[in-house]
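Visitor: Please show me the structure. I would like to go through it strand by strand.

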Amino acid sequence: MLKRWKKWGLLVLGVLLGVFWVPFSVLAENGEERVAVYVQVPEDWENPCIWAWDEDGNNAFAAWPGEEMDADRGNEGWYYVWIPSWADHVIVNADEGDVQTGELVLEGRNTWIVVEDGENAELFTDPQTKGDIPEYVEKFVVRVKVDESWKEPCLWAWSAPDGKNVFEAWPGEVLALKESGWYEAKVPVWVNSIIVNADDGAVQTEDISIDPADIWVSVGEDGSYDFSYEDPDAEEVPDVTVWVKAPADWESPCLWAWSAPDGTNAFAAWPGEALAEDGSGWLKISVPGWVNSVIVNGSEGSVQTADLSVDTGKDVWVVVNSAEDASVFYEEPEGAVVAEGTAGETEERMTAEETQEPGVEETGVSVEQSGSRAPVIILVVVVTAAVIAAAVVAGKKRKG
């Protein structure tokens, strides 16, 4: 009986370790663990992308609609992308985010998703495709604008001096036109040389030596070019100040700020940045002028307001009486006092509804608390170990 206990106990422990700790992932060049997500979408969903985040509100990508997926040439109709393993909440979308699934929760391992439509998607952890998953390669974006006389522009990319090419044959990959007005393509970080061409390669630039970083290339009719590693169309918007009065029992108040509906966050992770004391009695913080949504929170994010919409490019004053009651002003309100159940009166008052975590309602991007699986895993393993130990002790007692 003892041997049977030991055998089954060790088997269960091994299975648990295999299921929960064996990583179905790879390490990116920056040391971040990544998993592959394979997706099959409806035929009318073009340029599928994935938006990914974790339960604490940390986004894997800078802005909605997220990372565009690559077509798997060995599995028609399937697309794939590598995402950080910690980003276990995803939304599959397409057509520049115009169509999308609801929130899908992953298990931190390679996953196959079959999307029937925006309302229905099925997840698998068993492979649904043939052959090996393409290896993970870090990439950067090449953005191009060409003269209107250049038809169907393409990108040719390679590594010099060894001559390793990204694409199989000249003229390379047809560039995709985005809503920004720029054509785009992604290339591996080992690329250091590109040529922009058009009309099936009949017109082209000379060889352009570049660094492995997002780049914007402008091409004239004669093939002359200029490039920059910063978006030349980006408007410089000065920072604005957010002034806050929060309840006294909200410890270490913080601000979470972002741009809706694209989901670009001002800070790296929830609950955002701590608000600084000001001699005037207000707390304050500077945020980028493009911010149009904020959340005031406290006690490490355990209490918070709802999403508060604010005007871009304007200083703003926020008076928080409770999680359900917050008011927004664009001039400092006179005699604003935080008192339970009341808020300063203004024509531009907003009443907030309580939410769980920051989200972007316009795109359907939200974050729900799901809790960590780690305590459950540890508990199961500890119980299994205890069963084994008890069996061993019982066996020794019978021998005595």
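Visitor: Are the two faces of E18 covered or open?
Guide: This is a predicted model. On one side of E18, Ser193, Ile195 and Asn197 are buried. On the other side, Ile194, Val196 and Ala198 are buried. Both faces are therefore covered, since buried means under 20% relative accessible area.

Visitor: How many residues of strand E18 are buried?
Guide: Strand E18 spans residues 193–198. The strand is mostly covered. The count of buried residues is 6 of 6.

Visitor: Which residue stands opposite Ser193 in E13, and which in E20?
Guide: E13, residues 154–159, runs antiparallel to E18 and is joined to it by 5 bridges. E20, residues 208–209, pairs with E18 in the antiparallel sense over 2 bridges. Ser193 of E18 stands opposite Trp158. In E20, its bridge partner is Ser209.

Visitor: Which residue in the hairpin of E18 and E19 takes a positive phi?
Guide: E19 covers residues 203–204 and pairs with E18 in the antiparallel sense over 2 bridges. Ala198 stands opposite Val203 in that pairing. The hairpin has 4 residues between the strands. The residue with a positive phi, near 50 degrees, is Asp199.

Visitor: In what order do the 5 strands of the open sheet lie?
Guide: The sheet is open and its pairing is mixed. Its 5 strands are in the order E16-E17-E12-E21-E22.

Visitor: Why is one side of E16 and of E22 left without a neighbour in the sheet?
Guide: Strand E16 covers 176–177, and strand E22 covers 225–228. Both stand at the edges of the sheet. One side of each lacks a neighbour because each has a single partner strand.

Visitor: Which residue in E22 stands opposite Val217?
Guide: E21 covers residues 215–219. It runs antiparallel to E22, and 4 bridges join the two. Opposite Val217 stands Phe227.

Visitor: Is Pro188 buried or exposed?
Guide: Pro188 is found in strand E17, residues 183–188. Its relative accessibility is 9%. The cut-off for buried is under 20%, so Pro188 counts as buried.

Visitor: How many Å lie between the C-alpha atoms of Pro188 and Val166?
Guide: The two are 22 residues apart in sequence. Pro188 touches Val166, along with Val137, Glu138, Lys139 and Phe140, not counting residues up to four places away in sequence. From C-alpha to C-alpha, Pro188 and Val166 are 7.7 Å apart.

Visitor: Is Asp147 buried, exposed or partly exposed?
Guide: Asp147 lies in the loop between strand E12 (139–145) and E13. Its relative accessible area is 24%. Buried needs under 20% and exposed over 50%, so Asp147 is partly exposed.

Visitor: Which side chain makes a polar contact with the side chain of Asp147?
Guide: Leaving aside neighbours within four places in sequence, Asp147 is in contact with Val219, Gly220 and Glu221. The C-alpha atoms of Asp147 and Asp222 are separated by 8.7 Å, though the residues are 75 apart along the chain. The polar contact, at 2.6 Å, is with the side chain of Ser149.

Visitor: Which residues does Ser259 touch?
Guide: Ser259 is found in strand E24, residues 254–259. At 9% relative accessibility, Ser259 counts as buried. Not counting residues up to four places away in sequence, it touches Thr264, Trp290 and Asn292.

Visitor: How much space lies in the second largest cavity?
Guide: There are 2 cavities of 30 Å³ or more. Residues lining the second largest include Val240, Val287, Asp311 and Lys314. Its space is about 40 Å³.

Visitor: What percentage of the residues of the protein chain count as buried?
Guide: The protein chain has 2 helices and 33 strands. Its accessible surface comes to about 21600 Å², of which 49% belongs to carbon and sulfur atoms. Of its 400 residues, the share that count as buried is 43%.

Visitor: Among contacts between residues at least 6 apart in sequence, what percentage join residues at least 24 apart?
Guide: Asp147 gives one case to start from: it is in contact with Val219. For contacts in the protein chain counted this way, the figure is 59%.

Conventions
Residues numbered from 1 in each chain as written. Predicted model: local features only at pLDDT ≥ 70, side-chain atom pairs only at ≥ 80, totals over all residues. Heavy atoms only, no water. Pairing = 2+ DSSP bridges. Buried < 20%, exposed > 50% of the residue type's maximum accessible area, 1.4 Å probe, protein only. Contact = heavy atoms within 4.5 Å. Areas by Shrake-Rupley, 256 points an atom, 1.4 Å probe, with all protein chains shown as cover. Polar contact = N/O pair within 3.5 Å; in protein donor to acceptor, adjacent residues only side chain to side chain. 1 Å grid on protein atoms, 1.4 Å probe; cavity = no way out; pocket = protein on both sides within 12 Å on 5 of 7 lines; lining within 4 Å. Points joined across faces, edges and corners; volume = space filled by probe spheres on them.
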